[in-house]
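Thanks for coming. I would like to talk through where the ligand sits and what empty space there is in this protein.

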Amino acid sequence: MKITDARVIVCSPGRNFVTLKITTEDGIYGLGDATLNGRELAVVSYLRDHVVPLLIGRDARRIEDLWQYLYKGAYWRRGPVTMTAIGAVDVALWDILGKAANMPVYRLLGGASREGVLVYGHANGTTIDETTDAVADYIRLGYRAVRAQSGVPGLTTTYGVGRGTMYYEPAQKGMPEEATWSTERYLTAVPPLFARLRETFGPDLHLLHDAHHRLTPIEAARLGKDLEPHRLFWLEDVVPAELQESFRLIRQHTTTPLAVGEVFGSIHDCELLIREHLIDYIRATVVHAGGLTHLRKIANLAEIHHVRTGCHGATDLSPVCMAAALHFDLSVHNFGIQEYMRHTDETDRVFPHHYRFEDGLMHPGEAPGLGVDIDEILAAKYPYERAYLPTNRKEDGTVHSW
Ligand code: KDG
Ligand code: MG
């Protein structure tokens, strides 16, 4: 089953997406998401200029071999651009294999380990009252797990808050926004939010929160401790995770479950965190961590160390990635939860799909392959628009992690 064509499709139905479409000699095609928020065109060039010429004429069924060839053959290893590009090829090949076998991808991955995939939505508001109302809206929609982010008094913008309650979208067209940050104000604001949410919604609702890489290890330890009475499902990205060893300190101080890894690209970014049981959930996802082939290896390592998966699923991960993540989630034994930020209707029309949400759970559907397509004629009506994620400075002007 030789690859005869591979094309990169860039479109912006509400936000930018990069999609790889690989076609084989018998006319079967597969899709892979290659979107890297704010750096989209770097992956486009990596694929078009360097990877596509290597794919033509190769056997689309040799998925593992092609993965190793692209990873080891480049000599330069890892990095978000490389791993996103390899991930896109890998997912497109799984899609092709599923279509050729007339099976949904999750069956090729070992079959369903559960009936449905537990997902969490994003509730946010500028005040505790508004965020509480937003959580109630998600419960009404059937969600069993909700991430809550609220405005911080004294700061004009806060990560996770704003621009629509159902479609939180941090990337902005034009040049990057500059936000202002205060760790002191944030650490004061968060515990009362979760005290209110527990009091209002009782013990059963799963509550999550994202600190978005902004604290030092000792600040993170304190936040984890302060949140312990409110029994979070997880506290995410408390520190910038380049220094894996820093989690030893955080772990010694708090029993609040920790989730990390949406910016990780490979098993080497989380190997120590997993091996030393320093985290509870690994958030690496299909598109940025080398596709299904590599993500399964991360999950397998995590399984033996009692770490569960919690794949990133923000709006910048296209419906192609969402579908791939759901096939992975349904099949992998140590699944924990899946993030589900709904895409806009515009995006959903460009990427018709079979996955569905019902009663707090999602299912990838039974269509052969991933069960997602791209309407190229419609996609062409939404050309790329330059957009960046925001940047961040402390109140005294010092650059801080966003
Ligand atoms: O592109 C960056 C977003 O995906 C990220 O800010 C979202 O942290 C995020 C999350 O947990 O969804
Ligand atoms: Mg996050």
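Start with a contact: in this predicted model, an oxygen atom of ligand 1 is 2.6 Å from an N or O atom in the side chain of E262. Two further side chains belong with that one. Y159 places a polar side-chain atom 2.9 Å from an oxygen atom of ligand 1, and D210 has a polar side-chain atom 3.0 Å from an oxygen atom of the ligand. On its own, ligand 1 has 330 Å² of accessible area, and the protein covers 94% of that.

Now the shell. How many residues surround ligand 1? There are 15, and the closest are N37, H212, E262, D316 and E339. By class, the shell around ligand 1 has seven charged residues, four polar and four nonpolar.

Next, the space that holds the ligand. Ligand 1 sits in the largest pocket, and the volume of that pocket is about 1000 Å³. Its lining is made of 36 residues, with H213, E262, V263, L389 and W402 closest to the centre. E262 is therefore a name to keep in mind from two lists: it is among the residues closest to ligand 1, and it is among those closest to the centre of the largest pocket. The lining of the largest pocket divides into 16 nonpolar, 11 polar and nine charged residues.

Where does the largest pocket lie with respect to the domains? Domain 1, residues 3–104, and domain 2, residues 108–367, both contribute residues to the lining, so the pocket lies between them.

On to the other spaces. The second largest pocket has a volume of about 250 Å³. Its lining has 19 residues, and those nearest the centre are T157, T158, Y159, V161 and E177. Sorted by class, that lining has nine nonpolar, seven polar and three charged residues. Y159 has come up before, with its polar side-chain atom 2.9 Å from an oxygen atom of ligand 1.

Last, the cavities. Rolling a probe the size of a water molecule over the atoms shows where empty space is left. Searching the whole structure gives three cavities of 30 Å³ or more. The largest cavity has a volume of about 100 Å³. It is lined by 15 residues, and Q149, S150, T158, Y186 and H209 lie nearest its centre. T158 is also one of the residues nearest the centre of the second largest pocket.

That is what I have on the ligand, the pockets and the cavities.

Technical notes: Residues numbered from 1 in each chain as written. Chains lettered and ligands numbered in written order. Predicted model: local features only at pLDDT ≥ 70, side-chain atom pairs only at ≥ 80, totals over all residues. Heavy atoms only, no water. Near = heavy atom within 4 Å. Polar contact = N/O pair within 3.5 Å; in protein donor to acceptor, adjacent residues only side chain to side chain. Areas by Shrake-Rupley, 256 points an atom, 1.4 Å probe, with all protein chains shown as cover. 1 Å grid on protein atoms, 1.4 Å probe; cavity = no way out; pocket = protein on both sides within 12 Å on 5 of 7 lines; lining within 4 Å. Sits in = over half its atoms within 2 Å of the grid points. Nonpolar A, V, L, I, M, F, W, Y, C, P; charged D, E, K, R; others polar. Points joined across faces, edges and corners; volume = space filled by probe spheres on them. Domains from an automatic or database assignment.
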